[in-house]
Amino acid sequence: MMPLLDVRDVQAGYGDMRVLHGLSLHIGPQESIGLFGPNGHGKTTLLKTISSLVRPTAGSITFDGTDITGRKPPAIVEAGLIHAPQGNTLFGNMRIAETLELAAFSKRASTGAQRRLDDVYALFPRLAERKTQLAKTLSGGERQMLSIGCALMCAPRLLMLDEPTLGLSPRLKEELGAAIGEISKSGVPLIVVEQDIEFLLSLTDRLYLVEHGVVVREIDRASAPDHEEVMRLYFGEGGTH
Ligand SMILES: Nc1ncnc2c1ncn2[C@@H]1O[C@H](COP(=O)(O)OP(=O)(O)OP(=O)(O)O)[C@@H](O)[C@H]1O
């Protein structure tokens, strides 16, 4: 079956510094995947490259059968490939409702925007309770919810979430995890970047371990590693030290 997203041998970086060294991965039509690995090894750069915020110097990216390599970012959004960036700073002086309405700016997103707004408020009641609150006054968790809400307003056909629970309390992480699970169940395929492998396995079908700008391991949920193996993946073969 044709993959929804096919990333092939992508090289990319910043100036002379190459971060992705021929990275390949794919997502099936109804699949969600997780990305994990050490800090600074290229996960965010990969999402930026898929969104065309970083231009690949080699390789190709195909979305739903169309080669989108090197297209301009608005064209990527218009195609429904939506990126909720890490630590999204949002527009501080805009209210929640205004921010969500603005997020539906693309032609693709303007149809059905009101229904999606209702869906976002149903998914995140905290946002519904704070419609007129300024974005800069939101807590970290609420800010993440607004960031994901904005991504949903873009009518994603594939949604990329970069460390959506970074810095959140366990309770909030659970709340956000449940909401992300709902998004997935509603039929939106996901790419989720997270450090917590077990959290990723609860949300996605397959995981890719990214190290030094390439995929070094693929893990299927069906043959998920046990706790000991998870620890080895986190800390390397040398154990926990
Ligand atoms: N705008 C930039 N200019 C120069 N170097 C950058 C830029 N953004 C990221 N880098 C560097 O690229 C490398 C990969 O960073 P990237 O953010 O992709 O890693 P990551 O795997 O997502 O890590 P983390 O989990 O910490 O977000 C790092 O060495 C980082 O310092």
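This is a short chat about the six-stranded sheet in a predicted model.

Q: What is the strand order in the open sheet?
A: The order is E6-E7-E8-E3-E9-E10, and the pairing is mixed.

Q: Which strands stand at the edges?
A: Strand E6 (81-84) and strand E10 (214-220) do. Each has a single partner strand, so one side of each is left without a neighbour in the sheet.

Q: How much are neighbouring strands turned against each other?
A: By 20 degrees on average, direction ignored.

Q: In what sense do E9 and E10 pair, parallel or antiparallel?
A: Antiparallel, over six bridges. Glu-211 stands opposite Val-214 in E10.

Q: And E6 with E7, parallel or antiparallel?
A: Parallel, over four bridges. The bridge partner of Ile-82 there is Leu-159 in E7.

Q: What about E7 and E8?
A: Those pair in the parallel sense, over four bridges. Leu-161 has Val-192 in E8 as its bridge partner. Together with helix H8 (residues 170-185), E7 and E8 make a right-handed β-α-β unit.

Q: Is E7 buried or exposed?
A: Five of its five residues are buried, so E7 is largely enclosed by the rest of the structure.

Q: Which residues of E7 are on which side?
A: Leu-158, Met-160 and Asp-162 are on one side, with Leu-159 and Leu-161 on the other. In general, side chains in a regular strand alternate between the two faces of the sheet.

Q: Switching to helices, what does H1 touch?
A: Helix H1 (residues 43-50) packs on the sheet and touches E3, E6, E7, E8 and E9. The direction of H1 makes about 150 degrees with that of E7.

Q: Where does H7 lie?
A: Helix H7 (residues 140-153) lies across E6 and E7, at about 170 degrees to E6.

Key: Residues are numbered from 1 along each chain as its sequence is written. This is a predicted model: local features need pLDDT of at least 70, side-chain atom pairs count only at pLDDT 80 or more; totals for chains, interfaces and linings use all residues. Two strands pair if DSSP finds at least two bridges between them. Helices (H or I, at least four residues) and strands (E, at least two) are DSSP runs, numbered from the N terminus. Axes are lines fitted to C-alpha atoms, for helices over the stretch in contact, and angles run from 0 to 180 degrees between N-to-C directions. Two residues are in contact if their C-beta atoms, placed from the backbone, lie within 7 Å. A residue is buried if 20 or more other C-beta atoms lie within 10 Å of its own, exposed if 12 or fewer, and partly exposed in between; C-beta atoms are placed from the backbone. A crossover is right-handed if, with the strands pointing away from the viewer, the path from the first strand over the helix to the second runs clockwise.
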